Number of protein chains: 2
Amino acid sequence: MADIEPRYVLVQSHLRDGIKSGQWTVGDRLPSEAELVAQFGVSRMTVNRALRELEQEGLVRRQQGAGSFVAPLERVASTLVIRDIHEEIAARGHRHEAEPLQMGERRARRQEAERLGLETGARIFHSRILHRENGLPLQLEERLVNPACAPDYLQQDFRRITPTAYLLQVAPLTGADYQIEAVGASVEDAAALGLQAGDPCLVIERRSRSPAGTVTWVRLVHPGQRHLLKGSFEA
Amino acid sequence: MADIEPRYVLVQSHLRDGIKSGQWTVGDRLPSEAELVAQFGVSRMTVNRALRELEQEGLVRRQQGAGSFVAPLERVASTLVIRDIHEEIAARGHRHEAEPLQMGERRARRQEAERLGLETGARIFHSRILHRENGLPLQLEERLVNPACAPDYLQQDFRRITPTAYLLQVAPLTGADYQIEAVGASVEDAAALGLQAGDPCLVIERRSRSPAGTVTWVRLVHPGQRHLLKGSFEA
DNA sequence: CAGTGGTCTAGACCACTAC
DNA sequence: TAGTGGTCTAGACCACTGA
């Protein structure tokens, strides 16, 4: 049934099981590399790799000269994935529709220029698209785009490809910042999403960077009760 | 100034820089291990480690027999950290106060029992605590606790230690699930937080597991404009 | 088939920590 | 000072991919 596991994985499983079962608990010292070498009959490099990877996961804390310890998981850290809205809806087996409300170019106001790392007055593209899941408004996408990174942005048919997907294609991503907050819907947001002004919305703002600079800034507004971010982690 | 970097880090920096600068872009093949060995004059194990770690970060995709490639970063993934409220406020250099509003034990209703993985009617502890930052309400913490995991929960002084910190101390964490949403404040939430009912709030729900089972379920309500989750990632 | 990555070893030297 | 982890080497054998 099970493939034969690499030996470093066996060492990891042994430690993970001990932590999950409570044999070792937060702050406890784990066996030293030398002890694990003896116990498993493997080389030190193998044991070292096993422990190093557990450290990267955040499960173990290692200290030179002292030993390896069960890490305090006080910081509930987990990988949060922000997915393309089309993929997300498709993954639920639902129908996704995108309605471009507005597209064009203009001179950047100060705040807009800051968001893209450009000078005030620079030419920028903007778009405003409503995404529906099975006909119900799920996300209002308000986006600024750096023309230098995606000169053909305005010629795309965003009923067929999401801006996220298109931009990833033309401008490889090398980094991003984002923030998540709860905000009352503005009058415009409410009108587009079919809400009352002030209704709670989950808002994600994200700035994406590529080798050539900031590609795009986007603000995603979701009706509070129709969108969740979920995550988990496991020892 | 700079410490001398380990050699595997030098290899990583070289690859990272090439990706950030656009020398290699999504899907491109990176130099093989053998080529990097020759280029840097290090052993293959060192190069292997450098590439393996970049793969764990999600920056590189490796395929046996084929090569190492620049990974598509389509899924904006990043580590989201949910920190203890006391730490978070202290880190900002502000004053944290906790006001226990309610504490006690009761029989679990169906939903409460589900949240803790217990039977309906089981004895559970509950608490409701308001956290202030420099006097301003920042978080309303509503919590259910499994008495089997923390029998002395109700005897604690939560003005001095947060429930999060206490529970981590008595019941080591081995996993958690959480979800984040935007919700309008209920009448009770609004009263505690000094808001109007319906005002947007960022709500985090989290269930924490330990070797003995589900330790606690918590619902953290934050005034929308006073709490953000931030994150970033970098190639 | 030649080239790639996946794993592993048995040493080595070093920096750090605790006693 | 003895024990710990941090790094590194120069080999090795294997499984896999692509021409």
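**Exercise 1. A helix residue in chain A**

Task: Find which residues Gln12(A) touches, leaving out those up to four places away in sequence.

Solution.
Step 1. Gln12(A) touches Arg49(A), Ala50(A), Glu53(A) and Leu54(A) once residues up to four places away in sequence are set aside. The model used here and in every later exercise is predicted.
Step 2. Place the residue. Gln12(A) sits in helix H1 of chain A, which covers residues 7-20.
Step 3. Classify Gln12(A). Its relative accessibility is 5%. Buried means under 20%, so Gln12(A) counts as buried.

**Exercise 2. The surface near DNA strand D**

Task: Work out how many residues surround DNA strand D, and which are the closest. Then describe the polar contacts and the elements involved.

Solution.
Step 1. DNA strand D is surrounded by 25 residues. The closest are Arg44(A), Met45(A), Arg7(B), Ser43(B) and Thr46(B).
Step 2. Ask which part of the strand comes within 4 Å of the protein. Sugar and phosphate make up 62% of those atoms of DNA strand D.
Step 3. Look at the bases. A polar side-chain atom of Arg44(A) is 2.7 Å from a base nitrogen of DNA strand D. For Arg44(B), a polar side-chain atom is 3.1 Å from a base nitrogen of this strand.
Step 4. Look at the phosphates. Here the backbone takes part: an N or O backbone atom of Arg7(B) lies 2.4 Å from a phosphate oxygen of DNA strand D.
Step 5. Assign elements. In chain A, helix H3 (44-57), strand S1 (60-63) and strand S2 (67-70) each give at least two residues to the surface near DNA strand D. In chain B, helix H1 (7-20) and helix H3 (44-57) each do so too. H3(B) supplies the largest share, four residues.
Step 6. Sort by class. The surface near DNA strand D holds five nonpolar, 13 polar and seven charged residues.

**Exercise 3. The surface near DNA strand C**

Task: Repeat the analysis for DNA strand C. Which element gives the largest share of the surface near it?

Solution.
Step 1. 24 residues surround DNA strand C. Arg7(A), Ser43(A), Thr46(A), Arg44(B) and Arg62(B) are the closest.
Step 2. Split the strand atoms within 4 Å of the protein. Sugar or phosphate accounts for 62% in DNA strand C, and bases for the rest.
Step 3. List polar contacts to phosphate. A backbone N or O atom of Arg7(A) is 2.4 Å from a phosphate oxygen of DNA strand C. Ser68(B) uses a polar side-chain atom, 3.3 Å from a phosphate oxygen of DNA strand C.
Step 4. Add a contact to a base. A polar side-chain atom of Arg44(A) lies 3.1 Å from a base nitrogen of DNA strand C.
Step 5. Name the elements. Those giving two or more residues are H1 and H3 of chain A, plus H3, strand S1 (60-63) and strand S2 (67-70) of chain B. The largest share, four residues, comes from H3(A).
Step 6. Sort by class. The count near DNA strand C is five nonpolar, 12 polar and seven charged.

**Exercise 4. Domains of chain A**

Task: State how chain A is divided into domains, and what distance separates their centres.

Solution.
Step 1. Domain 1 of chain A spans 7-70, and domain 2 spans 85-226.
Step 2. Taken over C-alpha atoms, the centres of these two domains are 44 Å apart.

**Exercise 5. Cysteines**

Task: Determine how many disulfides a search of the whole structure finds. Is Cys201(B) buried or exposed?

Solution.
Step 1. Over all chains, the search finds zero disulfides.
Step 2. Check Cys201(B). The nearest cysteine sulfur belongs to Cys201(A) and is 13 Å away. A disulfide needs sulfur atoms within 2.5 Å. Cys201(B) is in no disulfide.
Step 3. Check burial. Cys201(B) has a relative accessible area of 0%, so this residue is buried. Cys149(B) is buried as well, at 11%.

**Exercise 6. A loop proline and a strand glutamine**

Task: Decide whether Pro151(A) is buried or exposed. Do likewise for Gln139(B), and find what its side chain pairs with.

Solution.
Step 1. Pro151(A) is in the chain A loop between strand S6 (136-145) and helix H6 (163-170).
Step 2. Its relative accessible area is 51%, so Pro151(A) is exposed.
Step 3. Pro151(A) and Val170(A) are 19 residues apart along the chain, with C-alpha atoms separated by 9.5 Å.
Step 4. Gln139(B) belongs to strand S6 of chain B, residues 136-145. Gln139(B) counts as buried, at 6% relative accessibility.
Step 5. The side chains of Gln139(B) and His222(B) share a polar contact of 3.0 Å. Beyond four places in sequence, Gln139(B) touches residues including Ile85(B), Ile129(B), Leu193(B) and Leu220(B).

Notes. Residues are numbered from 1 along each chain as its sequence is written. Chains are lettered from A and ligands numbered from 1 in the order in which they are written. This is a predicted model: local features need pLDDT of at least 70, side-chain atom pairs count only at pLDDT 80 or more; totals for chains, interfaces and linings use all residues. Side-chain values use heavy atoms; hydrogens and water are left out. A residue is near a molecule or strand if one of its heavy atoms lies within 4 Å of it. A polar contact is a pair of N or O atoms within 3.5 Å; within protein, one must be able to donate a hydrogen and the other to accept it, and residues adjacent in sequence count only if both atoms are side-chain atoms. Ala, Val, Leu, Ile, Met, Phe, Trp, Tyr, Cys and Pro count as nonpolar, Asp, Glu, Lys and Arg as charged, and the others, Gly among them, as polar. Buried means under 20% relative accessible area, exposed over 50%, partly exposed in between (1.4 Å probe, protein chains only). Contact means heavy atoms within 4.5 Å. Domain bounds come from an automatic or database domain assignment.
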